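The questions below ask how particular labels for this structure are earned, and each reply sets a computed value against the criterion behind the label.

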Amino acid sequence: MKTGFIGYGNIGEMIIKNILSLNILNEEEIIVSNRTITKLDLLKEKYPKITTTSDNKYLTRNSDKIFIFVKTPQFKEVMEEVNPYLSKNFHIIHVCAGLSFEDIATIYDGPVSQVIPSIASTTNEKLIDSNFRKKGVSLIVHNKKVNNHEKEFVEELFNEFSYIEIIEKGNVDNLELATALTSCGPAFIALLVKKLSKIASLKSKFDVGETEDMVVKTLFGTSLLLSNLDEDKIDTNADETIEKVATKKGITQKGLDYLDPEIERIANELFDKII
Ligand SMILES: NC(=O)c1ccc[n+]([C@@H]2O[C@H](COP(=O)([O-])OP(=O)(O)OC[C@H]3O[C@@H](n4cnc5c(N)ncnc54)[C@H](OP(=O)(O)O)[C@@H]3O)[C@@H](O)[C@H]2O)c1
């Protein structure tokens, strides 16, 4: 039996390519389905031994566990389609934000894990032996029917290319807040980069490509300063970084004095709006 993956969009493509490029699973062990089958042409070209289909029932009959990477409103339809082919202890792993285990139990009452991945975990074969193989955070939560062996499989798989954060039963209420940080985070940070670059370009003779290049390279270096990659853990030391840059009465300090309350207000309002 193979490992099945349903949905080859933004997240499905990232995770499947990560798995294949880091040799986490072999091509022969993988079956992928997407509604629009032509989306899988390039993947099949690069990995000819992979099985591709647009038939979720065929995929389920040939898999012993399935990952579901469709959009949240499409999840129910997919589950109803594959449900007749699921044995009692079939492990479903899905990435759909905003779906509770109680919602799913009305359709399928077996072992289910939810993973909230992040596009920040995109990796490739060139990074296999580097410190940058692993990036971003995957949030993982299991329902009580998932056994230890199944937990390990999911956690070890995502641990290969991301930092995993296991959300324990008592902490599920905080999943949305963590999702805002880790999964929405790349979009929020990209917006900040875009706005900084655009305004800096309007206020100077640099074009927006040049300002964006400066901002992105600075962001990359700052991320490394804030992370302790050698220790294989994220160890933020934001205060230390701020202290190293700002001098009393200098322009950094002026900027910090202005930004500090503004960012606090924006962060408060942002979380109030989306959670
Ligand atoms: N994007 C992110 O950064 C992110 C982060 C964390 C979690 N998520 C979660 O990931 C899920 C997917 O998001 P996404 O951005 O990857 O969406 P997406 O790009 O729209 O991908 C969804 C894919 O599912 C396919 N699909 C839809 N119905 C199907 C069916 N019945 N059978 C087989 N394939 C089907 C679509 O096929 P077509 O090619 O025919 O459209 C599409 O390729 C969402 O639930 C979201 O909450 C996303």
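Q: What makes the pairing of a backbone N or O atom of Thr72 with an oxygen atom of the ligand a polar contact?
A: In this predicted model, a backbone N or O atom of Thr72 lies 3.2 Å from an oxygen atom of the ligand, and a polar contact is a pair of N or O atoms within 3.5 Å, so the pair qualifies.

Q: Which residues are closest to the ligand, and how many surround it?
A: The ligand is surrounded by 23 residues, the closest being Ile11, Asn34, Arg35, Thr36 and Lys39. For Asn34, a polar side-chain atom lies 2.8 Å from a ligand oxygen atom, and for Lys39 a polar side-chain atom likewise lies 2.8 Å from an oxygen atom of the ligand.

Q: Why are H7 and H8 called oblique to each other?
A: Helix H7 (residues 175–182) and helix H8 (residues 185–202) pack at an angle of about 40 degrees, with their axes 5 Å apart. Angles under 35 degrees count as roughly parallel and those of 65 to 115 as roughly perpendicular, and the two helices are therefore oblique. Their contact is made by Ala180, Leu181 and Thr182 of H7 together with Gly185, Pro186 and Phe188 of H8, and by class it has four nonpolar, two polar and no charged residues.

Q: What makes S3 and S8 the edge strands of the sheet?
A: Eight strands form an open sheet in the order S3-S2-S1-S4-S5-S6-S7-S8, with mixed pairing. Strand S3 (51–53) and strand S8 (163–166) each pair on one side only, as edge strands. From one strand to the next, the twist averages 20 degrees.

Q: How do you know that strands S6 and S7 pair?
A: Four bridges join strand S6 (residues 112–116) to strand S7 (residues 137–142), the two running antiparallel; pairing needs at least two bridges, so these strands count as paired. As one of the partnerships, Ile116 has Leu139 as its bridge partner in S7.

Notes:
Residues numbered from 1 in each chain as written. Predicted model: local features only at pLDDT ≥ 70, side-chain atom pairs only at ≥ 80, totals over all residues. Heavy atoms only, no water. Axes fitted to C-alpha atoms, helices over the stretch in contact; angles between N-to-C directions. Parallel < 35°, antiparallel > 145°, perpendicular 65-115°, else oblique. Contact = heavy atoms within 4.5 Å. Nonpolar A, V, L, I, M, F, W, Y, C, P; charged D, E, K, R; others polar. Near = heavy atom within 4 Å. Polar contact = N/O pair within 3.5 Å; in protein donor to acceptor, adjacent residues only side chain to side chain.
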